[in-house]
Amino acid sequence: MDTFKSVLLKRIKLMRRAAGYTQQGLADKLGVQRGTVTRWEKDGKGLDLEQIEKIAECLNVSSLQLLDSSSKPAHDIEPLIHITTQLNDKGFQYLTQQAQYLTYVPELSR
């Protein structure tokens, strides 16, 4: 089972990518080095509540959305999170485009 910390780190990475940011892009927006964002996503080193709030603001989500490990989406997204962590930025952009296309297919969308 994932720990609170590992879920948080996965959510930061997933939401960063969904917002269209590379690690460098998010780092630039936050005024930190790319290596800092890499560390946050890898092991959470140096990540505190103030940084989480700034990250959430940049990603246009609430800090609660990043922190609330009890909130469950309509579907179990853990397999999707795992897949997306294996993709580079180009692969993630392609996956996002394909997923957006699926929302226009009536028998596959809500």
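Contact, as the word is used here, means that heavy atoms lie within 4.5 Å. With that in mind, among contacts in the protein between residues at least 6 apart in sequence, 61% join residues at least 24 apart. The model described here is a predicted one. The protein has seven helices and zero strands, and 26% of its 110 residues are buried.

**Overall make-up**

- Read from the N terminus on, the elements of the protein follow the order α-α-α-α-α-α-α, in keeping with the count of seven helices and zero strands.
- The protein exposes about 7600 Å², and carbon and sulfur atoms supply 54% of that exposed area.

**The largest nonpolar core**

- The largest nonpolar core holds 15 residues, and Leu47, Ile55 and Leu66 are the ones that touch the most other members.
- Helices α1, α2 (23-30), α3 and α4 each supply at least two residues of this core, while α4 gives the most to it, with five residues.
- Leu66, one of the residues named above for touching the most other core members, has a list of contacts that leaves out residues up to four places away in sequence; on that list are Leu8, Arg11, Ile12, Met15, Ile52, Ile55, Ala56 and Val61.

**Salt bridges between helices**

- The structure holds three salt bridges; one of them joins Arg16 to Glu41, with the closest N and O atoms 2.5 Å apart.
- Because Arg16 lies in helix α1 (residues 4-18) and Glu41 in helix α3 (residues 34-42), this pair ties together parts that are 25 residues apart in sequence.
- Arg16 is buried, its relative accessible area being 3%, and Glu41 is buried as well, with a relative accessible area of 11%; both values fall in the buried class because that class takes in relative accessible areas under 20%.
- Arg17 forms a salt bridge with Asp89, and here the closest N and O atoms are 3.7 Å apart, a distance that counts because the cut-off for a salt bridge is within 4 Å.
- Since Arg17 belongs to helix α1 and Asp89 to helix α7 (residues 89-102), the pair ties together parts that are 72 residues apart in sequence.
- Arg17 counts as buried at 6% relative accessibility, whereas Asp89, with a relative accessible area of 33%, is partly exposed.

**A salt bridge inside helix α4**

- Glu50 forms a salt bridge with Lys54, the closest N and O atoms being 3.3 Å apart.
- Glu50 and Lys54 are four residues apart in helix α4 (residues 49-59), so about one helical turn separates them.
- Glu50 counts as partly exposed at 46% relative accessibility, and Lys54 is also partly exposed, with a relative accessible area of 36%.
- Helix α4, which holds this pair, is also the helix that gives the most to the largest nonpolar core, with five residues.

**The loop after helix α4**

- Asn60 is placed in the loop between α4 and α5 (63-67), and its phi is near 65 degrees, which is a positive value in a residue other than glycine.
- With a relative accessible area of 73%, Asn60 is exposed, because the exposed class begins over 50%.

Definitions and conventions: Residues are numbered from 1 along each chain as its sequence is written. This is a predicted model: local features need pLDDT of at least 70, side-chain atom pairs count only at pLDDT 80 or more; totals for chains, interfaces and linings use all residues. Side-chain values use heavy atoms; hydrogens and water are left out. A salt bridge is a side-chain nitrogen of Lys or Arg within 4 Å of a carboxyl oxygen of Asp or Glu. Buried means under 20% relative accessible area, exposed over 50%, partly exposed in between (1.4 Å probe, protein chains only). A nonpolar core is a set of buried Ala, Val, Leu, Ile, Met, Phe, Trp, Tyr and Cys residues joined through side-chain atoms within 4.5 Å. Accessible areas come from the Shrake-Rupley method with a 1.4 Å probe; for residues, only the protein chains shown count as cover.
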